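Trainee: Could you show me how to read the enclosed spaces and the backbone oddities in a protein model?
Mentor: Gladly, let's have it in front of us.

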Amino acid sequence: MKIIEIIKPDDFHVHFRDGNILMAVVPETIRHFGRAIVMPNLIPPILNGFDAKRYKDEILDVIPKSNKFKPLMTLYLTENTRTDELEEAYQQEMIFAAKLYPAGATTNSEFGVGDISKIMPVLEKMSDIGMPLLIHGEVIDKEIDVFDREKKFIDTVLDFICSELPNLKITLEHITTKEATTYLQDSSINVSATITPHHLALNRNAIFNGGISPHYYCLPILKREVHRKALVRAATSGNPKFFLGTDTAPHLKSDKESECGCAGIFNATYCMSILAQLFDNENSLSQLENFTSINGAKHYNLKLNKEKIKLTKSETPITFEKTLKVNKDHINIFNPNFDVYWKVSTS
Ligand code: NCD
Ligand code: ZN
């Protein structure tokens with residue numbers, strides 16, 4: 001049996017939703033993570049500090065007092081976001097960061113930004129006050145192949161933002177391509193990226209393996225093996241620009257297995273086990289803590305978590321629960337379909 005101990009991880013990209021789903025999924029994240037950046041793409045979205053405050057209270061209400069988990073709240077940028085309101089909400093610590101969704105790029109992004117030039121004054125203010133910008137990096141042009149939308153975004157939109165506002169603190173969320181890892185390696189120190197466990201674990205074949213698998217459908221969509229390998233190299237490299245953002249994105253099973261299935265993979269439950277296995281496979285367990293617990297905190301100027309978690313490698317693979325119950329419905333729990341021997345035992 002092998003045991004490792006690491007600083008308690010942070011998840012810098014989660015979807016908690018609201019209502020019954022929130023109640024079911026929050027315990028899955030707070031079991032292993034010290035903090036999480038909570039995405040604002042609710043219906044309706046979190047548009048200002050007051051929305052964020054209300055949403056934060058809903059999250060805190062389901063967390064036992066004994067758990068010190070800290071949700072870090074975000075605001076959903078639209079073409080109507082007011083610079084003064086955003087600044088005030090940030091200064092009053094009602095919000096931690098702002099999220100840029102290109103309109104129509106992903107789940108609940110229809111209120112997002114169609115024309116980036118419309119929000120440049122807001123981004124300029126964010127740069128001035130040191131407020132982080134989180135980006136869903138895909139163009140929404142239907143002419144562009146779905147597998148090329150991230151690369152195109154980097155070449156056109158991201159590069160433009162970075163050159164106009166070189167001091168803006170940016171996180172390119174859930175990167176999926178080799179091109180993204182290269183761009184990040186060459187970009188300035190204030191630009192970082194999150195990587196999800198599912199993009200580290202699987203390539204696009206998983207979606208079409210002997211039939212269509214809606215539970216492996218997410219955005220940005222899984223890519224070719226060459227890209228997965230580049231992501232694994234980036235995550236295990238120790239480069240501080242890369243850190244964990246799980247993009248755990250719960251949808252009811254009935255909404256995934258439908259004529260027009262939702263994009264999003266719910267991975268909170270076994271995330272740390274899967275990551276430990278992936279890093280172990282690469283002989284890079286010594287880099288796991290940097291990726292999950294150090295690099296992201298440093299990017300956001302946060303103190304490292306004080307608590308630790310223990311991971312134990314068993315002789316036999318762990319058994320994955322298939323679903324998480326939400327009232328009469330269920331949410332499918334991400335299973336990468338390979339043997340995972342690592343288990344988290346908190347403390
Ligand atoms: C996310 C969701 O369901 O909210 N879906 C996804 O496929 N990742 C939105 C997002 O982060 O793109
Ligand atoms: Zn997301």
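Mentor: We will go through cavities, then the ligand, then some backbone features, keeping in mind that this is a predicted model.

Trainee: How do I find empty space inside a protein, and how many cavities of 30 Å³ or more does the search find here?

Mentor: The general idea is that rolling a probe the size of a water molecule over the atoms shows where empty space is left. In this structure, the search turns up two cavities of 30 Å³ or more. The largest has a volume of about 120 Å³, and the second largest has about 30 Å³.

Trainee: Which residues lie nearest the centre of the largest cavity?

Mentor: Look for His15, Thr106, Leu219, Asp247 and Ala249, which lie nearest the centre among 19 lining residues. Sorted by class, that lining has ten polar, six nonpolar and three charged residues.

Trainee: And what lines the second largest cavity?

Mentor: Its lining includes Thr176, His199, Leu202 and Lys223. Helix α8, residues 225-236, gives the most to this lining, with three residues. By class, the lining divides into three nonpolar, three polar and three charged residues.

Trainee: Now the ligand. Where does ligand 1 sit?

Mentor: Ligand 1 sits in the largest cavity. It is surrounded by 15 residues, and the closest are Arg17, Asn41, Thr106, Leu219 and Asp247. You have already met Thr106, Leu219 and Asp247, which are among the residues nearest the centre of that cavity. The shell around the ligand has nine polar, four nonpolar and two charged residues.

Trainee: Which polar atoms approach the oxygen atoms of ligand 1?

Mentor: Let's take three contacts in turn. A polar backbone atom of Leu219 is 2.7 Å from a ligand oxygen. His251 uses its side chain: a polar atom there lies 2.8 Å from an oxygen of the ligand. At Ala263 the backbone takes part again, with a polar atom 3.0 Å from a ligand oxygen. As for cover, ligand 1 taken alone exposes 320 Å², and the protein buries 100% of that.

Trainee: What should I look for in the backbone itself?

Mentor: As a rule, most residues other than glycine have a negative phi, and most peptide bonds are trans. Here, the bond from Ile43 to Pro44 is cis, with omega near -10°. Pro44 is in the loop between β3 (35-38) and α2 (49-61).

Trainee: Which residue does a cis peptide bond join to Pro220?

Mentor: That is Leu219, and omega of this cis bond is about -10°. Leu219 is also the residue whose backbone contacts the ligand at 2.7 Å. Pro220 lies in the loop between α7 (197-201) and α8.

Trainee: Is phi of Asp247 positive or negative?

Mentor: Positive: phi of Asp247 is near 55°, in a residue other than glycine. You will find Asp247 in the loop between β9 (242-244) and α9 (253-256). Asp247 is also one of the residues closest to ligand 1.

Note on methods:
Residues numbered from 1 in each chain as written. Chains lettered and ligands numbered in written order. Predicted model: local features only at pLDDT ≥ 70, side-chain atom pairs only at ≥ 80, totals over all residues. Heavy atoms only, no water. 1 Å grid on protein atoms, 1.4 Å probe; cavity = no way out; pocket = protein on both sides within 12 Å on 5 of 7 lines; lining within 4 Å. Points joined across faces, edges and corners; volume = space filled by probe spheres on them. Nonpolar A, V, L, I, M, F, W, Y, C, P; charged D, E, K, R; others polar. Helix = DSSP H or I, 4+ residues; strand = E, 2+ residues; numbered from the N terminus. Near = heavy atom within 4 Å. Polar contact = N/O pair within 3.5 Å; in protein donor to acceptor, adjacent residues only side chain to side chain. Areas by Shrake-Rupley, 256 points an atom, 1.4 Å probe, with all protein chains shown as cover. Sits in = over half its atoms within 2 Å of the grid points.
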